[in-house]
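I set out to record what can be read from the coordinates, entry by entry. My topics are strand pairing, backbone geometry, aromatic contacts, cysteines and the surface.

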Amino acid sequence: MVQSLRSISPIPLSSEGFAEFGDVLAFNSGDSEAKAINQGQCIRLNDLADLDFDPSGRMGVSLFHSTVYTLPHRFDLMERHPYGPQVFFPLDLGRLLIVVALDNKGIPIYPQCFISSELQGINIHRGVWHGVLTPVAGTGKVIVFDWIGGQNNLEEYTFKQPWQIEFTRLET
């Protein structure tokens, strides 16, 4: 039996649209007051992400090198991290597809898809269902900040019926 695909279309990533899932990290963010530092040679946008970590672990910094995906993109796997958020920031003006979903008694429901611009990163809040790292432009090199500790910080869910992200142009 062939399973039909359910489809969703990505929307441009914005602080307002992404607020219930996490934070958008961007130089054009209106969420932070810009402050001149280093004798006026640098502008700092301060405290852009809610890094809610379980105190039994610590924040770690990792470098990921992912496959760059093509569109349309089919997915059936989502994951979440109960002990801390995950921050993703492409290192080479890459763009990310970001699939997130609400939770219903431990099951992700109503997946939504966002697409970042070349200068946006994201912080996915602790416990939020999200798709795997999905770069669609650039080299797939991403810096990641996440919780490091002794417990398993990964829960996965596989949909019985897959989803497909429907569009062919990378526009925001």
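**Entry 1: Strand 9 and its partners**

I began with a single bridge and found that Asp 103 stands opposite Pro 108 in strand 10. I note at the outset that the model is predicted.

I then looked up the pairing to which this bridge belongs. Strand 9 and strand 10 are antiparallel and are joined by seven bridges. Strand 9 comprises residues 95-104, and strand 10 comprises residues 107-115.

Which other strands pair with strand 9? I found three bridges to strand 13 (residues 134-137), in the antiparallel sense. Within that pairing, Leu 96 has Pro 135 of strand 13 as its bridge partner. I also found two bridges to strand 12 (residues 129-130), again antiparallel. There, Ala 101 is matched with Trp 129 of strand 12.

I next asked how many residues of strand 9 are buried. The count is seven of ten, and I therefore entered the strand as mostly covered, with buried taken as under 20% relative accessible area.

**Entry 2: The hairpin and positive phi values**

I turned to the connection between strand 9 and strand 10. The two strands form a hairpin with two residues between them. Lys 105 is in this loop, and its phi is near 55 degrees, a positive value in a residue other than glycine. I looked up its accessibility as well: Lys 105 is exposed, at 81% relative accessible area.

Tyr 110 also has a positive phi, near 55 degrees, and is likewise not a glycine. I located Tyr 110 in strand 10. With a relative accessible area of 61%, Tyr 110 is exposed.

**Entry 3: A cis peptide bond**

I checked omega at Leu 71 and Pro 72 and found a cis peptide bond joining them, with omega about 0 degrees. Pro 72 is placed in the loop that runs between strand 6 (58-65) and strand 7 (73-80).

**Entry 4: Aromatic pairs**

I looked up the aromatic pairs and found seven in the structure. One of them is formed by Phe 21 and Phe 114, with 6.4 Å from centre to centre and 65 degrees between the planes, an edge-to-face arrangement. Which parts of the chain does this pair tie together? Phe 21 is in the loop between helix 1 (15-18) and strand 3 (22-26), while Phe 114 is in strand 10, so the pair links parts that are 93 residues apart in sequence. I recorded both Phe 21 and Phe 114 as buried.

A further edge-to-face pair is that of Phe 159 and Trp 163, whose ring centres are 6.2 Å apart and whose planes are at 70 degrees. Are these two rings buried or exposed? Phe 159 has a relative accessible area of 8% and is buried. Trp 163 has 12% relative accessibility and also counts as buried. I then followed the contacts outward: Phe 159 and Trp 163 belong to one aromatic cluster together with Trp 129 and Tyr 157. Trp 129 is the residue I had already noted as the bridge partner of Ala 101.

**Entry 5: Cysteines**

How many disulfides does the structure hold? I found zero. I looked up two cysteines individually. Cys 42 is partly exposed, at 30% relative accessibility. Cys 113 is buried, at 3% relative accessibility, and is located in strand 10.

I also took one distance from Cys 113. Its C-alpha is 32 Å from that of Ser 56, and the two residues are 57 apart in sequence.

**Entry 6: A nonpolar surface patch**

Last, I examined the surface. I found a nonpolar patch made up of Phe 27, Leu 93 and Leu 119, with about 360 Å² of accessible area together. I looked more closely at one of its members: Leu 93 lies in the loop between strand 8 (86-90) and strand 9. At 53% relative accessibility, Leu 93 counts as exposed, because the cut-off for that class is over 50%.

How values were computed. Residues are numbered from 1 along each chain as its sequence is written. This is a predicted model: local features need pLDDT of at least 70, side-chain atom pairs count only at pLDDT 80 or more; totals for chains, interfaces and linings use all residues. Side-chain values use heavy atoms; hydrogens and water are left out. Rings of Phe, Tyr and Trp (its six-membered ring) pair if their centres lie within 6.5 Å; planes under 30 degrees apart count as stacked, over 60 as edge-to-face and the rest as tilted. Helices (H or I, at least four residues) and strands (E, at least two) are DSSP runs, numbered from the N terminus. Buried means under 20% relative accessible area, exposed over 50%, partly exposed in between (1.4 Å probe, protein chains only). Two strands pair if DSSP finds at least two bridges between them. A disulfide is a pair of cysteine sulfur atoms within 2.5 Å. Patches are made of residues with over 30% relative accessible area and no salt bridge: like charges are joined within 9 Å, nonpolar side chains (Val, Leu, Ile, Met, Phe, Trp, Tyr) within 5 Å. Accessible areas come from the Shrake-Rupley method with a 1.4 Å probe; for residues, only the protein chains shown count as cover. A salt bridge is a side-chain nitrogen of Lys or Arg within 4 Å of a carboxyl oxygen of Asp or Glu.
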